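Here are my notes on this one, written for someone meeting it fresh. Keep the viewer open and follow the points in order.

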Amino acid sequence: MEQQKQDAAEDVVIVGAGLAGVGVALGLHRKGVRSVVLESSPALRTSGFAFMTWTNAFRALDALGVGDKMRSHHLQVQGGPHEARCVQRNVLLQALEEELPAGTIRYNSRIVSIDDDKEKDGGGDAKILHLADGSTLRAKVLIGCDGINSVVARWLGLAKPLDSGRRATRGHAKYSDGHGFQPKFMQLSGNGFRAGLVPCGDTDVYWFLTWSPSCPDGKEDVDQSPAEMKQFVLAKLRSIMAPDEVLDAVERSEMNDVLVAPLRAQVIAASYMVGRVQQSEHAVVRFARDRLLSGVLAKGLLMMPDYDCGTL
Ligand SMILES: Cc1cc2nc3c(=O)[nH]c(=O)nc-3n(C[C@H](O)[C@H](O)[C@H](O)COP(=O)(O)OP(=O)(O)OC[C@H]3O[C@@H](n4cnc5c(N)ncnc54)[C@H](O)[C@@H]3O)c2cc1C
């Protein structure tokens, strides 16, 4: 019986059907390489809202064959030579998935652990993947795309992601008759927080707020109800006299569209420093940021993702 289970084998196994996993599977498919994506959830996780994408992201989307589809759904954000668009997560994830051969993604397939294949003769460098339902799968090539709590990264011995100490909440406002916002990235910052608002298409606006909780254990502001969280965001924005249309976008966001997440990542020094400056409450830093550096910081943020990654 055990032998039968272990006979299940695939050449290329990708763990996680998020944007990374589905994107890698599609890239391989375009090159004629078959892969299987194991996803723990029962369906594609299309929740979430949106994120900014720049020129390199569209190079990658063009290479995957979904660039024009994304352009048709999302406005080009003005402000420089960059191709910048605020892409809705569900629209992109679904577009990538639709291009995959049927059956590529196997849902309800959570990997719990990974072993080296002990059968050196038949296995070589293959890995044995143990799934939550007790089955196993042998993989010649294993690609980890399983997000921030990655089982594959843990098995590889990679460092745990650090908690940046910051929190983020995001929202998505719908305007059935059109929002009337300019296609621009509006950035607002205040004492210990940073917010942004950007239109995705003609009827959708994405906004976010990131902040450093003043409570050292980081629990403050996180365990609130969506209604309280909305009031928390509005209070921050009112404290800097944000424009009425920004307040309206937050007000009209549906309650269950608001979520809070601790921001965790492998730390990149430059991003960390920019973030510290953007959110500092120190009087001198605040003066420099708001009066002298705001243009430089905004330009810097645009430059960072816009390096030329070359032809894909
Ligand atoms: C539901 C969701 C909503 C999001 N919304 C936003 C947003 O609005 N704005 C924004 O800027 N960013 C958002 N993000 C974050 C952003 O999508 C990610 O930072 C980025 O896309 C990284 O993608 P990823 O594919 O590497 O990881 P993820 O998007 O985290 O995908 C990882 C996938 O792996 C699966 N998985 C995890 N562990 C296992 C396992 N052991 N076995 C099998 N499968 C496993 C997960 O279910 C998930 O589908 C969201 C992420 C998620 C998961």
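1. A word on terms before the sheet: two strands pair if DSSP finds at least two bridges between them. Helices (H or I, at least four residues) and strands (E, at least two) are DSSP runs, numbered from the N terminus. With that in hand, strand β1 (residues 9–15) pairs with strand β8 (residues 136–144) in the parallel sense, over six bridges. Within that pairing, Glu 10 sits opposite Ala 139 in β8.

2. Some housekeeping. This is a predicted model, where local features need pLDDT of at least 70 and side-chain atom pairs count only at pLDDT 80 or more, while totals for chains, interfaces and linings use all residues. Residues are numbered from 1 along each chain as its sequence is written.

3. The overall count: the protein chain has 11 helices and 13 strands. Of its 312 residues, 28% count as buried. Here a residue is buried if 20 or more other C-beta atoms lie within 10 Å of its own, exposed if 12 or fewer, and partly exposed in between, with C-beta atoms placed from the backbone. Take the contacts in the chain with a separation of 6 or more: 68% of them are between residues 24 or more positions apart. Two residues are in contact if their C-beta atoms, placed from the backbone, lie within 7 Å.

4. Back to β1 and β8, which belong to an open sheet of six strands in the order β5-β2-β1-β8-β7-β6, with mixed pairing. At the edges are β5 (105–106) and β6 (111–116), each with a single partner strand, so one side of each has no neighbour in the sheet. Helix α2 lies across β1, β2 (36–38) and β8, and runs at about 140 degrees to β1. For such angles, axes are lines fitted to C-alpha atoms, for helices over the stretch in contact, and the angles run from 0 to 180 degrees between N-to-C directions.

5. The loop between β5 and β6 holds Asn 108. Have a look at its backbone: phi is near 50 degrees, a positive value in a residue other than glycine. Asn 108 counts as partly exposed, with 13 C-beta neighbours inside 10 Å.

6. Now the ligand. Which residues come nearest to it? Of the 25 around the ligand, they are Gly 16, Gly 18, Ala 20, Gly 48 and Gly 147. Two elements, α2 (19–30) and β3 (50–53), give two or more residues to this shell, and α2 has the largest share, with three. A residue counts as near a molecule or strand if its C-beta atom, placed from the backbone, lies within 6 Å of it. By class, the shell has 11 nonpolar, eight polar and six charged residues. The classes are simple: Ala, Val, Leu, Ile, Met, Phe, Trp, Tyr, Cys and Pro are nonpolar, Asp, Glu, Lys and Arg are charged, and the others, Gly among them, are polar.

7. Next, two hairpins that share a strand. β10 (residues 186–190) and β11 (residues 193–199) run antiparallel and are joined by five bridges, with Leu 188 opposite Ala 195 in β11. Two residues lie between these strands, and Gly 192 in the turn has a positive phi of about 75 degrees. On the other side of the pair, a hairpin through four residues joins β11 to β12. β11 and β12 (residues 204–211) pair in the antiparallel sense over seven bridges, and Leu 197 has Trp 207 as its bridge partner in β12. Six of the seven residues of β11 are buried, so this strand is largely enclosed by the rest of the structure.

8. Phe 185 is worth a click. It is found in the loop between β9 (162–174) and β10, and is partly exposed, with 18 other C-beta atoms within 10 Å. Leaving aside neighbours within four places in sequence, Phe 185 is in contact with Met 52, Val 77, Gly 79, Gly 196 and Val 198. The C-alpha atoms of Phe 185 and Cys 86 are separated by 8.9 Å, with their positions 99 residues apart along the chain.

9. Last, a helix pair. How do α8 and α9 run relative to each other? Helix α8 (residues 226–239) and helix α9 (residues 244–252) pack at an angle of about 175 degrees, with axes 10 Å apart. They are therefore roughly antiparallel, a label used for angles over 145 degrees, where under 35 is roughly parallel, 65 to 115 roughly perpendicular and the rest oblique. Lys 230, Val 233, Leu 234 and Leu 237 in α8 meet Val 246, Leu 247 and Val 250 in α9. By class, this contact has six nonpolar residues, no polar ones and one charged.

10. In the loop between α8 and α9 you'll find Met 241. Its phi is near 55 degrees, a positive value in a residue other than glycine. Met 241 is exposed, with 10 other C-beta atoms within 10 Å.
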